Amino acid sequence: MSMAPLFLIFPAVAAVLAALIPSNRWRPWLLPVAGTLHAALTGVALVRPEPLSPTAWLALDPLGKVILLVVSLLFLCCSYYAAGYLRSRSEQPNRVFCICLLFFLSTASLVAWSRHLGLMWVAVEGLTLVTAPLIFFNHTQQSIEATWKYMVVGSVGIALALLGTFFLAYSAQHAGHGASLMVSDLLQHAPALSKPWLHAAFVLLLVGYGTKMGLAPMHTWKPDAYGEAPCVVGALLSGGVTSCAFLALLRAYHISVAAGEVAYVCRLLLFMGLLSMATASLFMVGQRDMKRMLAYSSVEHMGILVLGLGLGAPALFGTLLHVVNNGLTKGVLFLSAGNIHRAYHSKSTEQVSGAMQRVPLSGTLFFLGFLAITGSPPFGPFISEFLILNGAFRSGRMVVGALFLVLLLIVFIGMGATVLKIVQGRPSIAARKTSYRDTVLSGAPILALLVLVLLIGVILPAPLAALINDAVRYLEGQP
Amino acid sequence: MSNFFNPILVVVLLLNLFVLGTSRITSVIRGVAIQGALIGMLPLLLPGHVSRGAFLMAVLTIVLKGVVIPVMMNRALRDVEIKREVEPVIGFQASVILGALGAVWALLFAGRLPLTEAHADSLVVPASLATVLTGFILLITRFKALTQVMGYLVLENGVFIFGMLLVQAMPLVVEMGALLDLFVAVFVICIIVNHINRAFSTLDTRQLASLKE
């Protein structure tokens, strides 16, 4: 029997339980329980793979495995953090928050398991819907504004993605193979697909799912949503939702490449990637709000992923590894930024300084997270970004490679200036008086994520390398 | 395609122009409701598609798009006590002209996409593209939160029209899922609209401008 239903049903059952538990204090502890169980299930699914049936709607192919791993690890760490966070915010009702977090786990797993593009679309849209109330958690005017933008921009993007999905199905129907949205059918008939429909479909899917990923110029919702959402939600959005949307884009890429349209899609992807990186670097310089800075960093890294995909075969390993690195490192950054936010009651560099003194653990982790995400050795993102750069030069795209380096450098300087202001100096008198102190629950999950990022950078665990190699082979069409 | 298909799509195209040209928000809601109910009927007109599942889907679509969502919208409108859209970025007449130009472009562009023989003389593709464009115009140029939601619904209607070419590719579960997602999205948006109104005492999205660089 397939494991897929387990992944979908048990978080949903936990969500129902969360709705039934009356105590605001005990309810959040369901999250770590669900997170641990999900991680254990993921472990089993990865270690004992089921044979991939081409007719199954729910099956875990090599690409889905990578995304499921990222989502599961990130949620595991976030769930323990969330339990501590919600305890400190006990005045705020957390029923809807817990329910939505658990449904997040369920829908994100569905995205990873889907082998049917229509079902995948339903899951990504579901992901948008369950995350909207999460952004709204603080019920301030700003959070309403952020949720509104997130819903409107996100819904429009997702509607375009549906149109793109339809176009893709029609390209198969036009080729005389009957309209199908099964990934395996589309891959099998790829060379025969009607080209004009396929081109239009790819553009719509890139714009649609790109909106969910937060590629420029469809990124406008991102700084607002990440800035106003609680940090644990920011971590799940920037590491989980974006990875799920990227998986949808990977499917479109896979089908287009199998159809022999490499040149067409790569040009689009390279352009979008560089545009996102350039936009992010522009807004990152002089950024005063630390969470908005992280949002632009997310725009940048989505750009890197799309750019890596656009470089094609030589950079695929680096790109898929970067999905893992970006997801985990964003967890480190958002969760530690959350602790700093709680210690200072502010997220602006005008009030926040001396975080290393005020909250030594969180301040240090935030700083190390910054070093990791900007691609400094010995952390994981260094390896993946280096592999992407290497891919650019190996495929003879010198200009792209050079631009990539320059933009990374600008981001490093821009982000570094803001981060140094936050961690260095002396904390203000007001900040010393707030009640927040680093605890095990608010520190250990971040430390665990950072250790993972470090491990990937230093030794690149063999099982992970094998997993990503499988995915690369799958993308290149050698099952 | 049946004989009734193209006439219904022409009515859908006219409704697009009506929605673009009116300043009364209740008229916009009514126009979008009629449009939603009309396209909900389309699947039943497809030859060989009359099954219990298809009938159920059509009834659900018509009830949701034609009755439930408009009632929800009208209630939200009554709570916030506004009647008219303020003068949009592009005037009402100008947006009608823009919508008409969009429809012409859609007709020309659809001519470049190859269709299978069975669909060769149908208006599905141009009607779908023109409706999507109308949704975009509403979303971009209007200021009231509720009109923007109607823009999203029109956009969604456009995508739905295209789905008519693929009824056999979309299994019932996926269709149901898409419809459910649409409904929940509108539901969530209504809740946010309500909160916007309570927190800002207005539904003018120009007031939602505290978050920017």
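In this predicted model, helix H19 of chain A, spanning residues 440-458, supplies five residues to a nonpolar patch, the largest share. The patch lies on the surface and consists of Leu361(A), Leu447(A), Val451(A), Leu454(A), Leu455(A), Val458(A) and Ile459(A). Together these residues have about 580 Å² of accessible area. Leu455(A) is found in helix H19 of chain A. With a relative accessible area of 36%, Leu455(A) is partly exposed, because the term covers values between 20% and 50%.

The interior presents another nonpolar arrangement. The largest nonpolar core holds 242 residues, and those touching the most other members include Trp148(A), Phe167(A), Ile340(A), Met73(B) and Phe162(B). Helix H6 of chain A, residues 141-174, gives the most to this core, namely 19 residues. A second core is separate and has 14 residues, among them Leu270(A), Leu274(A), Ile388(A) and Leu407(A).

Trp148(A) also has a place in the meeting of the two chains. Apart from neighbours within four places in sequence, Trp148(A) is in contact with residues of chain B, including Ala145(B), Gln148(B), Ile189(B) and Leu208(B). In chain A, Glu145(A), Trp148(A) and Phe166(A) lose the most area to chain B, together 18% of what that side buries.

The table sets out the interface between chain A and chain B.

| Item | Value |
|---|---|
| Residues from chain A in the contact | 47 residues |
| Residues from chain B in the contact | 47 residues |
| Area buried between chain A and chain B | about 4000 Å² |
| Share of that area given by carbon and sulfur atoms | 76% |
| Salt bridges across the interface of chain A and chain B | zero salt bridges |

Definitions and conventions: Residues are numbered from 1 along each chain as its sequence is written. Chains are lettered from A and ligands numbered from 1 in the order in which they are written. This is a predicted model: local features need pLDDT of at least 70, side-chain atom pairs count only at pLDDT 80 or more; totals for chains, interfaces and linings use all residues. Side-chain values use heavy atoms; hydrogens and water are left out. Patches are made of residues with over 30% relative accessible area and no salt bridge: like charges are joined within 9 Å, nonpolar side chains (Val, Leu, Ile, Met, Phe, Trp, Tyr) within 5 Å. Accessible areas come from the Shrake-Rupley method with a 1.4 Å probe; for residues, only the protein chains shown count as cover. A salt bridge is a side-chain nitrogen of Lys or Arg within 4 Å of a carboxyl oxygen of Asp or Glu. Helices (H or I, at least four residues) and strands (E, at least two) are DSSP runs, numbered from the N terminus. Buried means under 20% relative accessible area, exposed over 50%, partly exposed in between (1.4 Å probe, protein chains only). A nonpolar core is a set of buried Ala, Val, Leu, Ile, Met, Phe, Trp, Tyr and Cys residues joined through side-chain atoms within 4.5 Å. Contact means heavy atoms within 4.5 Å. Buried area is the accessible area (1.4 Å probe) that two parts lose on being put together, summed over both.
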